[in-house]
Amino acid sequence: MESFKRSYISLGEFIIERQTDFKYAKGELSRLFSAISLAARIINREVKRAGLNNILGDFGSTNVQGEEVKKLDIFSNEQFIHALKERGEVCAIASEENEGMIEFNGEFSKTGKYIVAFDPLDGSSNIDVNVSVGSIFSIYRKTTEGDCATLDDFMQAGVEQVAAGYVIYGSSTMLVYSTGNGVNGFTLDPSIGAFFLSHPNMQIPKTGKIYSINEGNYVHFPQGVKDYIKYCQAEDMATSRPYSSRYIGSAVADFHRNMLKGGIFIYPSTANAPKGKLRLLYECNPLAFLVEQAGGKASDGFNRILDIKPTSLHQRTPLFIGSPDMVEQAEAFMQKYAEAAV
Ligand code: AHG
Ligand code: MN
Ligand code: MN
């Protein structure tokens, strides 16, 4: 019997080995990622014993976006904030759970050169039913003058990200990140409490057989999206259609599956939500950065996500993301009706 092989390259070692991939000061990236990895491991611990630790359920309030907040949303947000604040590399953060940016005043404010936007817990409606959830993060350099960060630092287009990634708390827990030189995935060994390289140089398949969209909203979708769904469901041997429909309702989990297997995830505009649901800064941009680094595409239906210049922290955008051929096909359907409207 072939002996079981395992990876012995830890996240920490990998980052040190690949320091030259990161054009800024050595050590900064390690400290940033040690903070994110720590927050992820603490969140993972609570997620894995949710049900025993009184952390399931609603917190009893709504966030700035009017969404029901779960206890685990608040817990996860605190873990990210504390871990990032203590390292001194970060001068300000923006989170789904906080209306404004949070400045890390005091002793760290003059040294932090980075800002971080994050969704501390993505897919939180799935927590109570034991379905995969995640965390998403996006890292930029502070670009404004002066010691303290300003809102302008967060208004950089996604193409300016220096690193981005996500953690998926699934049947195993993984951290996937990119600094702009490809995408690498690490799996948590829970018995040791460390992430090890398990998915080197991740590449999304050029096309796939899975489409992910909340079809319950079908009647509210733009005509281009409706037509694309019908295209996915039509029979065609050459393109292996009909495709399979898979929708978890945690963007991270749907995205992660499509990264590995190929596919498209769509959260379009709807009649009630013309900008869709997902947030540009801490959901769409980091996933768009990763998918492009893995050979995929991310679009709002017409334009590249990473080129959008944000105007507010919590702004939303429609999202079409995944295998490049599939995103281009969906864009072609969108374009048809855009042209008809001119
Ligand atoms: P969050 O839990 O951070 O608010 O994000 C939930 C998002 C995303 O993860 C998922 O793809 C989407 O909401 C699901 O929305 P619908 O229930 O409208 O399909
Ligand atoms: Mn989310
Ligand atoms: Mn969230």
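This report describes the surroundings of ligand 1 and two points in the backbone of the chain. The structure is a predicted model.

**The site of ligand 1**

The space that ligand 1 takes up is the largest pocket. Around the ligand stand 18 residues, and the closest of them are Asp122, Asn214, Tyr247, Ala251 and Tyr267. Sorted by class, this shell holds six nonpolar, five polar and seven charged residues.

Two elements each give two or more residues to the shell: strand 5, which spans residues 114–122, and strand 13, which spans 264–267. The largest share comes from strand 5, with three residues. The shell may also be described by domain. Domain 1 covers residues 2–199 and domain 2 covers residues 210–341, and each of them supplies at least three residues to the shell around ligand 1.

**Polar contacts of the ligand**

Oxygen atoms of ligand 1 lie within 3.5 Å of N or O atoms of the protein, a distance that counts as a polar contact. The table lists three such pairs, with the part of the residue that takes part in each.

| Residue | Part of the residue | Distance to an oxygen atom of ligand 1 |
|---|---|---|
| Asp119 | N or O atom in the side chain | 3.0 Å |
| Ser124 | backbone N or O atom | 2.9 Å |
| Lys277 | N or O atom in the side chain | 2.9 Å |

Thus Asp119 meets the ligand through its side chain, and Lys277 also does so through a side-chain atom, whereas Ser124 uses a backbone atom. The ligand, taken alone, exposes 480 Å², and the protein buries 85% of that area.

**Two points in the backbone**

Which form does the peptide bond from Arg241 to Pro242 take? The bond is cis, and its omega angle is near 5°. Pro242 belongs to the loop that joins helix 4 (223–233) to strand 12 (244–245).

A second point concerns Asn130, a residue other than glycine whose phi angle is positive, with a value near 65°. Asn130 is located in a loop as well, namely the one between strand 5 and strand 6 (133–141). One end of this loop is therefore strand 5, the element that gives three residues to the shell around ligand 1.

Conventions: Residues are numbered from 1 along each chain as its sequence is written. Chains are lettered from A and ligands numbered from 1 in the order in which they are written. This is a predicted model: local features need pLDDT of at least 70, side-chain atom pairs count only at pLDDT 80 or more; totals for chains, interfaces and linings use all residues. Side-chain values use heavy atoms; hydrogens and water are left out. A residue is near a molecule or strand if one of its heavy atoms lies within 4 Å of it. A polar contact is a pair of N or O atoms within 3.5 Å; within protein, one must be able to donate a hydrogen and the other to accept it, and residues adjacent in sequence count only if both atoms are side-chain atoms. Accessible areas come from the Shrake-Rupley method with a 1.4 Å probe; for residues, only the protein chains shown count as cover. On a 1 Å grid over the protein atoms alone, a cavity is a set of points where a 1.4 Å probe fits but cannot get out, and a pocket is an open set with protein on both sides within 12 Å along at least five of seven lines; lining residues have an atom within 4 Å of a point. A molecule sits in a cavity or pocket if more than half of its atoms lie within 2 Å of its grid points. Helices (H or I, at least four residues) and strands (E, at least two) are DSSP runs, numbered from the N terminus. Ala, Val, Leu, Ile, Met, Phe, Trp, Tyr, Cys and Pro count as nonpolar, Asp, Glu, Lys and Arg as charged, and the others, Gly among them, as polar. Domain bounds come from an automatic or database domain assignment.
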